[in-house]
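Biologist: Could you take me on a close look at one part of this protein, the nonpolar residues on its surface? I'd also love to hear how the nonpolar residues inside are arranged.

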Amino acid sequence: MHLLNLGILAHVDAGKTSLTERLLHTAGVTGEIGSVDRGSTRTDTLALERQRGITIKSAVVSFPLDSVTVNLIDTPGHPDFIAEVERVLGVLDGAVLVVSAVEGVQAQTRVLMRTLRRLRIPTLVFVNKIDRRGARDASVLDEMARRLAVPLVPMGTAAGLGTRAARFVPGLGPSAPDVLADHDDDLLAAYVTHGISADRLDAALVAQTRQGLVHPVWFGSALTGAGVAELVTGVERLLPPASGDPDGPLSGTVFKVERGPAGEKIAYARIFSGTLRVRDRVPFGHGAEEGDGRGEGSARRKGDGRVEGRITALTVFDHGGDVRREEAGAGRIARLWGLGGVRIGDALGTPGRATGHHFAPPTLETVVVPGPGTDRRALHLALTQLAEQDPLIGVRHDELRKETSVSLYGEVQKEVIEATLADEYGLDVTFRETTTLCVERPAGSGAAVEFNRKDGNPFLATVGLRVDAAPPGSGVRFGLEVELGSMPYAFFKAVEDTVRDTLGQGLHGWQVTDCAVTMTHSGYSPRQSHAHQGFDKSMSSTGYDFRGLTPLVLVEALRRARTVVYEPMHRFRIEAPADTLGALLPVLARLGAVPESTGGRDRAGVLEGAVPAARVHELGQRLPGLTRGEGELETAFDHYAPVARGPLPERPRTDHNPLDRKEYLLNVTRRVGD
């Protein structure tokens, strides 16, 4: 039987978890439909999920159809947990995007569809809640075509809208030939000359859906079951099954990590090629180095910098649960024990699909304040473990101020972290006010060099670095203008690793990105020894010398290049009565927003533009009063822009402050002497 790894995605409250429960019931996996309101769903297993009625962590559950076994992955809908969605996208064969028939296209709907299209993931659309008062069909289709700007193929119509008797009436809409012919010249020629047969139209629908070119649409209700059977048929017929050679080289990707009852790590992995067996020794990771904290469990370091671990147990998903097996082949999603140092995004075996970020990084940060009696070390450990499960939550520890901060997507995520620390770790915490995370980018080029034991350089190392600005979104690149064989490779690696660490805090304390760093000078003191006394460390270069000197050289190069502080900007879309837009414009100007376009339909006006992320919350609070309570705000991260107002935001440093040479050398020397 074929396998299909299917994601269910939606804006929060569109009914995605309810649809998951209905699908499990329709497939015969469950005898009773789980309820979000009653906290009895199969996929929302965390106590916090059941209490709040939202999905926080992705969950996998399996069910069989006539010709395919579906591994269904329920994902969070709230934008604060977009990182969970991001990790799932890389393991999907297809997706169902759920849209509410009442609310229509919402902010997260647009973000998700754009990403699904960019990744060419075949996607079906299910318009849910046709039984609710205010449900729409034709106008929602029109809204999706206009605001999602994707080719849609209605698979039928809705009848009895807004009543418990609402139902789905199957039948391809009259627009189907036009939509499908747009992507197939032969089909277009046949359509124009003598028409298209039903069989040829169906074949085109299957082919184009599997290529992600068009998106079939069903109407229904997860609550009553209307349209769900037809959707299941569409999933089975129109989405491509998992591919991969079970006899090929092992290749997989870890998309989720959780802790078991004994604190052991359990990795969720999609196997793209080969077969993974219990007791296999498996290489995994992204090329981690010694001393990076990944020596946990049975992991063993390999010569190429990756890690090797032995699979001690595995389960696969089948008939609504996960079942112990001795092996998992290509196409499967498996839970794995034994990979102690595993992290989300690690490649298993031969690295396969690239797993880049599909969504924006967190743009907010807050300091975690331990409550009375809360042990700081236990808190730091707990936050580190939470960051393992969500790598985009950056944990930043300030040893000088004895503070730990975390990066976030929003206030709901902060509440969830607080509750998780209390419920799972017994730790009482509060948070300081959330602040915006900025970045720094070089304004030009700058270079610096320090020579071995000259001009106040106390380190046995020569390091020269040049910093150049790079295009936005390019990240950090490190290169050499010196011969790789001019000194031991370990010293070059020490310089590169230290460069990347140091760029975490620029001239104003923010992460430096979009730059190229080139090593222009290198030198070292060869290993010295005295007769009968062995290695003389005081006269021989070590990795410490290069790790100690590099920050001083790099920040001097940054000073000469100068850096510009950029703040995150959100794209906003406001839909409100047209006669209220005039009152909105001056408020937007005071918030630093830049309106870029206006439009509208009937008596509704639309205003779009960019607003600083730090002012989004205030904009949302002001909007109802300015629009008679009728305004709708939709925002999403769009880009970074230079800070244009007020003093430049500064971020307290947590390192040894290489900006102050005297302080830095004292700190480093003191640390070595401890």
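Modeller: Happy to! In this predicted model, a nonpolar patch on the surface is formed by Leu 188, Tyr 191 and Val 192, and together they have about 260 Å² of accessible area. Val 192 belongs to helix 7, which covers residues 185-193. Its relative accessibility is 62%, and because exposed means over 50%, Val 192 counts as exposed.

As background, nonpolar side chains in soluble globular proteins tend to be buried together. For the inside of this model, turn to the largest nonpolar core, which has 75 residues. The members that touch the most others there are Leu 6, Leu 19, Val 96 and Met 144. Take Leu 6: leaving aside neighbours within four places in sequence, its contacts include Val 70, Leu 72, Ile 73, Leu 92, Val 96, Val 235 and Leu 239. Asn 71, Gly 94 and Ala 95 are also in contact with Leu 6. There is a second, separate core as well, made of 30 residues, with Phe 492, Leu 507, Met 519 and Tyr 664 among them.

Helix 14, residues 581-590, lets you see buried and exposed residues in one element. Leu 581, Leu 584, Val 587 and Leu 588 are buried. Viewed down the axis of helix 14, the buried residues fall within an arc of 115 degrees, so they line one face of the helix. Gly 582 and Arg 590, on the other side of helix 14, are exposed. After helix 14 comes Gly 592, which has a positive phi near 80 degrees.

Definitions and conventions:
Residues are numbered from 1 along each chain as its sequence is written. This is a predicted model: local features need pLDDT of at least 70, side-chain atom pairs count only at pLDDT 80 or more; totals for chains, interfaces and linings use all residues. Side-chain values use heavy atoms; hydrogens and water are left out. Patches are made of residues with over 30% relative accessible area and no salt bridge: like charges are joined within 9 Å, nonpolar side chains (Val, Leu, Ile, Met, Phe, Trp, Tyr) within 5 Å. Accessible areas come from the Shrake-Rupley method with a 1.4 Å probe; for residues, only the protein chains shown count as cover. A salt bridge is a side-chain nitrogen of Lys or Arg within 4 Å of a carboxyl oxygen of Asp or Glu. Helices (H or I, at least four residues) and strands (E, at least two) are DSSP runs, numbered from the N terminus. Buried means under 20% relative accessible area, exposed over 50%, partly exposed in between (1.4 Å probe, protein chains only). A nonpolar core is a set of buried Ala, Val, Leu, Ile, Met, Phe, Trp, Tyr and Cys residues joined through side-chain atoms within 4.5 Å. Contact means heavy atoms within 4.5 Å. The arc is that of the directions from the helix axis to the C-beta atoms.
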